[in-house]
Amino acid sequence: MTEKNVVTAIHDTLHEQMAADDRVVVLGEDIATRGGVFRVTQGFLDEFGQDRVIDTPLAEGGIIGFAVGMALYGLVPVAEIEFADFIHPAYDQMVSEVSRMRYRSNGDFGLPMVVRAPWGGGVHGALYHSQSIEATYGHIPGIKVVVPGTPYDASGMLRAAIKDPDPVLFLEHKRTYRLIKGEVPDEPFEVPIGKADVKREGSDLTAIAYGLSLHLCLEAAARLQEEQGISVEVVDVRTISPLDTETILASVVKTGKALVVYEDNRTYGAGAEIAATIAEEALFDLDAPVVRMGGPDVPAMGFATSLEHAFMPNADTVAERMLELARF
Amino acid sequence: MYRTMVTARLIDEASFRLNRQGKAPFVVPVSGHEGCQVGTGWPLRPGHDIWVPYYRDVAIVLIAGMTPYEIFLGLFAKAEDPSSGGRQMPSHWGSRRLGIISHSSPIATQVPHAAGIAWAARYRGEDTVVGCWFGEGATSEGGWHEGLNFAGIHKLPVVFVCENNRYAISVAQPMQMAIQNVADRAAGYGFPGVVVDGNDVLSCYAAMKAAVERARAGDGPTLIEAKTYRYFPHTSDDDDRSYRTREEVEEAKHNDPIVRFAQTLTEQGVMDDASIDAVWAETKADVDTQIDQAWNAADPEPSSLGRHVYFEGDA
């Protein structure tokens, strides 16, 4: 075991995968000479060479399209979109090509590829370096969408994503990159895609979250336990699609109360699907209405600290909603 | 080559006949493009090189090894349609076995794929060449630029073929671009652009052969622009009378690539009228038989709708 932050865990795992399998190639903007704007591919160019570590032109649709071609012809590309906010020009490739290749060819072609993208706010990223895109792609069958929130999960799920015969959108919350540290095994291990994880056990209510929000929930839960004696169970969604409804529902049935926390705009966010699933499947086990905490329905968060804070949930606001729900 | 051109034409004519009979809801015609398709498809090696076609490329997929029977399975949306099992509209080709890359309906999305495949082929140390076909309308798309740009930067083994029939559905070339020749755009990507008479199959063949040799030698891509014309509307659902005159269409048919190739073959003494007639008769009988076989094949099971969203294990 070694203590690492999230970005180091991703770097080390990707490095290990490239060293182990020469079919794995990485491509994206600034990933070779610069080593990535977040240093995820630091040192890769020198070690693996320019045939496997590819600085692409500034063209996100191209990055995904080239990766599709590589995946069709025996490689396992791990494409980086520099910021999740910049994936929109590649929406056509992601939806029309990546998600449908297997389906439209009746299983003849598959795309073993990973698209990595740093997402989320809290880093003064303003409108175009803070976005949440998980709901957009969670809506598209054929692409798996994962949102690991800890160094352990990031490492284990990246291994699983690279091994997966289907395309995986691998979202890394950029605020967690250096903020969140944790123990990571030194030997290769996998965390399965499609499995949520109970990160904290509790009995009074269930908080369901992912990414940075997971850590806000964990902090708020610890505080409520200490200050109020309230026991909050925290479920880490980890995979947006396919969603692990079983783990979520089991926790909600146990505690009888559910708070869903997400950073994306509240309306039609991924939390809306989770809340709807709970309402559909666990209504008679609920002791209170499902509570959804999401970002305000404004186009995006602002650059000013005050505007960013007004957009983002934080441990205080999460703790308040937990307390309200516990007292319902 | 001549037989393949005739086969494509007869598939087209039969498809429209079946459309009018109510047996084929949707047809994407090829007629007029047989010369540029057969000419540019012929220099590639079936079973070895990779084909990245678009929806008009009946003759390209014939050269790659798809049979008329398989094409009609697609037209009738049958379960055994090799391209998609009846999921996609007809003429959305694909076959892993034949190296024909599955494509979608949005235009030019396959162009970056061709570049990526070429990268992978070279990385793997193979001498595979990728052929990538599209219309002139596709060259307005961002993805087209991104694909050619990347291929040019890295001198990838790919040949881009523009089948310029002057209309993207109804929009004529002067409203699509400010230049006369799509091939001029190649200069922006650092590789040669070549204009050929798309109705002269042998000119197309010569241009493609040189481009394939260049790609295989590691000298990078070529953009070939084949000037041609489509004789039918964009699809069976289009009415081209709203955007081009009947006189223009009839005039274009005087330049029919099949008629011209037949003249060349007879002039050169390779074929005579009798052997040409025999090709048409044999091909027609063959195509008609294969249509009947395809028509009698099974439809997809409704319960198969949910299959192949994700990997289901090795077959």
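How many of the eight residues of helix H2 (residues 34-41) of chain B are buried? This is a predicted model, and in it eight of the eight count as buried, leaving H2(B) mostly covered. The buried residues of H2(B) are Glu34(B), Gly35(B), Cys36(B), Gln37(B), Val38(B), Gly39(B), Thr40(B) and Gly41(B).

Staying in chain B, have a look at how two of its helices meet. Helix H1 (residues 2-20) of chain B and helix H11 (residues 273-295) of chain B have axes that come within 9 Å and cross at roughly 50°. That angle makes H1(B) oblique to H11(B), and the crossing of the pair is right-handed. On the H1(B) side the contact is made by Tyr2(B), Arg3(B), Val6(B), Thr7(B), Leu10(B), Ile11(B) and Ala14(B). H11(B) answers with Val279(B), Trp280(B), Thr283(B), Lys284(B), Val287(B) and Ile291(B). Sort the residues of this contact by character and you get nine nonpolar, two polar and two charged.

Now for the place where the two chains touch. Chain B puts 36 residues into the contact and chain A puts in 35 residues. Helix H5 (110-123) and helix H6 (142-153) of chain B each supply at least two residues of the side of chain B that touches chain A. H5(B) gives the largest share of that side, 10 residues. The mix on the chain B side is 15 nonpolar, 15 polar and six charged residues.

Over to chain A and its sheets. Strands of a sheet pair through backbone hydrogen bonds, either parallel or antiparallel. One open sheet of chain A has seven strands in the order E3-E2-E4-E5-E7-E6-E12, and its pairing is mixed. Strand E3 (53-55) and strand E12 (239-241) of chain A stand at the edges of this sheet; each has a single partner strand, so one side of each is left without a neighbour in the sheet. On average, neighbouring strands here are turned by 20° against each other, direction ignored. For a pairing inside this sheet, take strand E6 (residues 144-146) and strand E7 (residues 168-173) of chain A, which run parallel and are joined by three bridges. Val146(A) has Phe170(A) as its bridge partner in E7(A).

Another open sheet of chain A has five strands in the order E9-E11-E10-E13-E14, again with mixed pairing. Its edge strands are E9 and strand E14 (291-295) of chain A, each of which pairs on one side only. The twist averages 25° from one strand to the next.

A good way into this sheet is strand E11 (residues 232-236) of chain A, which is mostly covered, with five of its five residues buried. Val232(A), Val234(A) and Asp236(A) point one way from E11(A), while Glu233(A) and Val235(A) point the other way, and all are buried. What sense does the pairing of strand E9 (residues 197-200) of chain A with E11(A) have? The two pair in the antiparallel sense, over three bridges, and Val198(A) has Val235(A) as its bridge partner in E11(A). Strand E10 (residues 205-209) of chain A, by contrast, runs parallel to E11(A), with five bridges joining the two. Along that pairing, Leu205(A) stands opposite Val232(A).

From E10(A) you can step on to strand E13 (residues 258-265) of chain A: the two pair in the parallel sense over three bridges. Here Ile208(A) has Val260(A) as its bridge partner in E13(A). Helix H11 (residues 270-281) of chain A lies across E10, E13 and E14 of chain A, and runs at about 155° to E13(A).

One last stop is Ala90(A), which sits in the loop between strand E4 (76-80) and helix H4 (91-98) of chain A. Is Ala90(A) buried or exposed? With 26 other C-beta atoms within 10 Å, Ala90(A) is buried; the cut-off for that label is 20 or more. Leaving aside its neighbours within four places in sequence, Ala90(A) is in contact with Glu60(A), Gly61(A), Ile63(A) and Ile64(A). As for Leu127(A), it lies 37 residues from Ala90(A) in sequence, and the two are 18 Å apart in space, C-alpha to C-alpha.

Terms used:
Residues numbered from 1 in each chain as written. Chains lettered and ligands numbered in written order. Predicted model: local features only at pLDDT ≥ 70, side-chain atom pairs only at ≥ 80, totals over all residues. Axes fitted to C-alpha atoms, helices over the stretch in contact; angles between N-to-C directions. Helix = DSSP H or I, 4+ residues; strand = E, 2+ residues; numbered from the N terminus. Parallel < 35°, antiparallel > 145°, perpendicular 65-115°, else oblique. Left-handed = near helix turned anticlockwise from the far one by under 90°. Contact = placed C-beta atoms within 7 Å. Nonpolar A, V, L, I, M, F, W, Y, C, P; charged D, E, K, R; others polar. Buried ≥ 20, exposed ≤ 12 C-beta atoms within 10 Å, placed from the backbone. Pairing = 2+ DSSP bridges.
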